[in-house]
Amino acid sequence: MIKEQRVAEKNMIKPIEEIAARAGIPAECLEKYGPFKAKILWATPIRELRRKGRLIMVTAMTPTPAGEGKTTTVIGLADAFRRLGKSAVAALREPSLGPVFGMKGGATGGGFAQVVPREDINLHFTGDIHAVTAAHNLLAAMVDNRIHYDGVCGLIDCRTVTWKRVMDMDDRVLRDVVVGIGGPLRGIARETGFDITAASEVMAILCLSADIAELKERLGRIVIGYSSDNKPVFARQIKADGAMAALLKDALKPNLVQTLEGTPALIHGGPFANIAHGTNSVIATRLALHLADYVVTETGFASDLGAEKFFDIVVRTGHIPPPDACVLVATIRALKLHGGVKLSDIRVPNPEAVQRGFENLRKHVENLRLFGVPFVVALNKFPDDSDEEVGRFFALCREEKARAAVSDVYARGGEGGKALALEVMSAVEEERSDFRFLYPLDLPVSDKIEIVAEKIYGASGVAMEGKTRRKIKKLEDDGFRNLPVCIAKTQYSLSDDDEALGRPTGFTLIVTDVSLSSGAGFVVVYCGDIMTMPGLPSSPAAERVDVTDDGEITGLT
């Protein structure tokens with residue numbers, strides 16, 4: 001399979017001008033980065049673009065460590081729509097180097113449902129993530145520079161700085177650092193740390209902004225710390241927003257590539273969903289909706305993370321509509337894991353474990369129904385799925401009165417996604433969408449957290465220390481009460497405990513901290529042991545990556 005796919009990748013990839021023409025993008029709107037990728041220079045502001053297409057959002061059940069194939073499903077589904085005579089565009093996030101060299105590997109799909117050129121996309125691509133890193137760290141440098149020249153009692157109280165630094169790599173030793181040591185010429189010593197770039201508020205701002213004007217306005221709203229009289233200090237007050245926007249000017253343009261079958265794909269922005277909002281840029285999605293009959297996008301991890309944030313954060317911007325339908329990706333192996341089977345044994349047929357693990361999928365079905373959107377459950381097919389297990393899965397979906405279809409896009413590309421595509425089209429045409437947000441924005445922040453915890457995660461309540469409640473009261477008193485919440489928690493469980501598999505009940509969600517992302521427009525809520533700077537695993541994917549004497553990169557998964 002891998003050898004066949006690599007041959008197909010080399011033989012099927014088309015010049016980017018041909019892909020652009022297929023999408024209805026004039027050649028003069030392309031800023032090429034080599035023969036197979038380009039940025040799009042669209043003249044009309046996206047706010048003014050007429051919507052042509054239907055938006056399909058792909059989410060999943062609670063995943064195994066390897067993931068359940070959402071990106072592969074997005075790509076194969078977009079290819080399937082084209083095979084059925086519809087114009088289609090896939091809208092995806094850019095891979096972060098952290099997972100590429102860490103545990104998960106690359107993020108360009110798999111088998112015959114991939115976006116190409118995959119090495120370019122997985123590594124430096126067009127430099128967008130590097131630009132986010134530079135813009136974020138420029139602000140950090142300007143904060144410390146202001147403190148150095150103002151002293152500890154200037155505009156910013158150096159004890160209250162909230163703005164860390166970032167890098168696009170998993171590096172646990174940078175979570176907590178001390179800067180400014182070594183004498184007066186090196187600034188004022190203080191504790192700080194690094195987050196991964198995908199968790200940067202600048203990344204969220206890039207993905208939620210419709211144009212340069214909104215980008216600059218959001219950058220200026222970033223809170224970098226507090227003054228000596230305990231008032232928020234904004235990036236615009238140290239005149240950082242203009243220079244940051246200059247670094248992000250080109251990164252704001254969406255990137256055009258293609259699937260193995262020549263379907264146009266817009267890949268733009270890369271926030272994680274367990275520690276950020278987990279969706280590609282509104283610019284890319286809105287442009288795709290102007291160009292195609294069907295736009296297929298993904299949200300990170302499961303419905304409790306990426307999907308909830310897509311509905312309650314991204315759609316609230318007003319730049320993109322609620323999805324016309326959703327796809328909920330499930331796998332037999334994930335069902336068995338949540339049914340009590342050890343990870344080492346999930347290839348062994350076990351229909352009873354499938355039935356037990358269906359409780360996890362059932363909760364995700366309930367989550368999507370809370371938002372009032374039509375959906376289809378997609379069974380991402382693996383070769384070792386037994387007929388009995390697959391039969392049990394579909395019987396359970398029928399009991400749940402949920403539409404379901406097999407997705408065999410890994411092995412068969414768009415042809416293997418036709419059944420799913422037809423089911424999605426039927427859902428869009430036959431079911432009425434009654435979209436609703438999970439909570440109103442005028443509720444107190446604590447109430448919003450409790451609603452998400454109880455309705456989406458299944459928690460019985462929320463617990464937090466007094467200092468966290470005081471932080472929430474402070475940001476509400478500062479005028480940020482009417483923001484949505486972006487809850488950062490583990491992706492491996494519906495709860496905040498990654499060992500609580502299946503459908504945990506009766507648990508208390510433990511909130512450990514909160515922070516304000518006023519430029520992005522949400523409050524980040526940290527739960528359990530979540531880390532905003534991941535570490536490498538004992539055997540990182542980087543150990544298997546190499547480059548041949550001919551310059552071909554190998555080992556990317």
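These are my notebook entries on pockets, helices and a few backbone oddities in a predicted model.

**Entry 1: the second largest pocket**

I looked up the second largest pocket and got a volume of about 1400 Å³. Its lining runs to 44 residues. Which of them lie nearest the centre? I noted Thr162, Lys471, Asp513, Val514 and Ser515.

Next I listed the elements that give two or more residues to this lining. On the helix side they are helix 7 (201-208) and helix 18 (466-480). The strands are strand 9 (190-192), strand 10 (194-196), strand 11 (223-226), strand 21 (508-517) and strand 22 (522-527). By residue type, I have 19 nonpolar, twelve polar and 13 charged in the lining of this pocket.

**Entry 2: the cavity**

How many cavities of 30 Å³ or more does a search of the whole structure find? I got one. The largest cavity has a volume of about 60 Å³.

I wrote down its lining: Glu94, Pro95, Ile121, Leu123, His124, Phe125, Thr126, Gly127, Asp128, Ile129, His130 and Asp168. Helix 6 (residues 128-150) gives the most to that lining, with three residues. I also split the lining by type and found five nonpolar, four polar and three charged residues.

**Entry 3: helix 3**

I checked the span of helix 3 (residues 70-83), which has 14 residues. From first C-alpha to last it reaches 20 Å, close to the 20 Å expected at 1.5 Å a residue.

Why do I call helix 3 largely enclosed by the rest of the structure? Because twelve of its 14 residues are buried, and the cut-off for that is under 20% relative accessible area. The buried ones are Lys70, Thr71, Thr72, Thr73, Val74, Ile75, Gly76, Leu77, Ala78, Asp79, Ala80 and Phe81. I see that Lys70 and Asp79 are in that buried list. After helix 3 comes Gly85, with a positive phi near 90°.

**Entry 4: helix 17**

I did the same for helix 17 (residues 445-457), with 13 residues. Helix 17 reaches 17 Å from its first C-alpha to its last, close to the expected 18 Å. Its buried residues are Val445, Ser446, Lys448, Ile449, Ile451, Val452, Ala453, Ile456 and Tyr457. A reminder to myself: an α-helix has 3.6 residues a turn, so residues three or four places apart point the same way. Gly458 follows helix 17, and its phi is positive, near 85°.

**Entry 5: backbone oddities**

Background for this one: most residues other than glycine have a negative phi, and most peptide bonds are trans.

Is the peptide bond from Val116 to Pro117 cis or trans? I found it cis, with omega near 0°. Pro117 sits in the loop between strand 6 (113-116) and helix 5 (118-122).

Then I turned to two lysines. Lys239 has a positive phi, near 60°, in a residue other than glycine. I placed Lys239 in the loop between strand 12 (232-234) and helix 9 (241-248). Is Lys239 buried or exposed? Lys239 is exposed, with a relative accessible area of 70%.

Lys401 is not a glycine either, yet its phi is positive, about 55°. I found Lys401 in the loop between helix 14 (387-399) and strand 18 (404-407). Lys401 is exposed, at a relative accessible area of 72%.

Methods:
Residues numbered from 1 in each chain as written. Predicted model: local features only at pLDDT ≥ 70, side-chain atom pairs only at ≥ 80, totals over all residues. Heavy atoms only, no water. 1 Å grid on protein atoms, 1.4 Å probe; cavity = no way out; pocket = protein on both sides within 12 Å on 5 of 7 lines; lining within 4 Å. Points joined across faces, edges and corners; volume = space filled by probe spheres on them. Helix = DSSP H or I, 4+ residues; strand = E, 2+ residues; numbered from the N terminus. Nonpolar A, V, L, I, M, F, W, Y, C, P; charged D, E, K, R; others polar. Expected span 1.5 Å × (residues − 1). Buried < 20%, exposed > 50% of the residue type's maximum accessible area, 1.4 Å probe, protein only.
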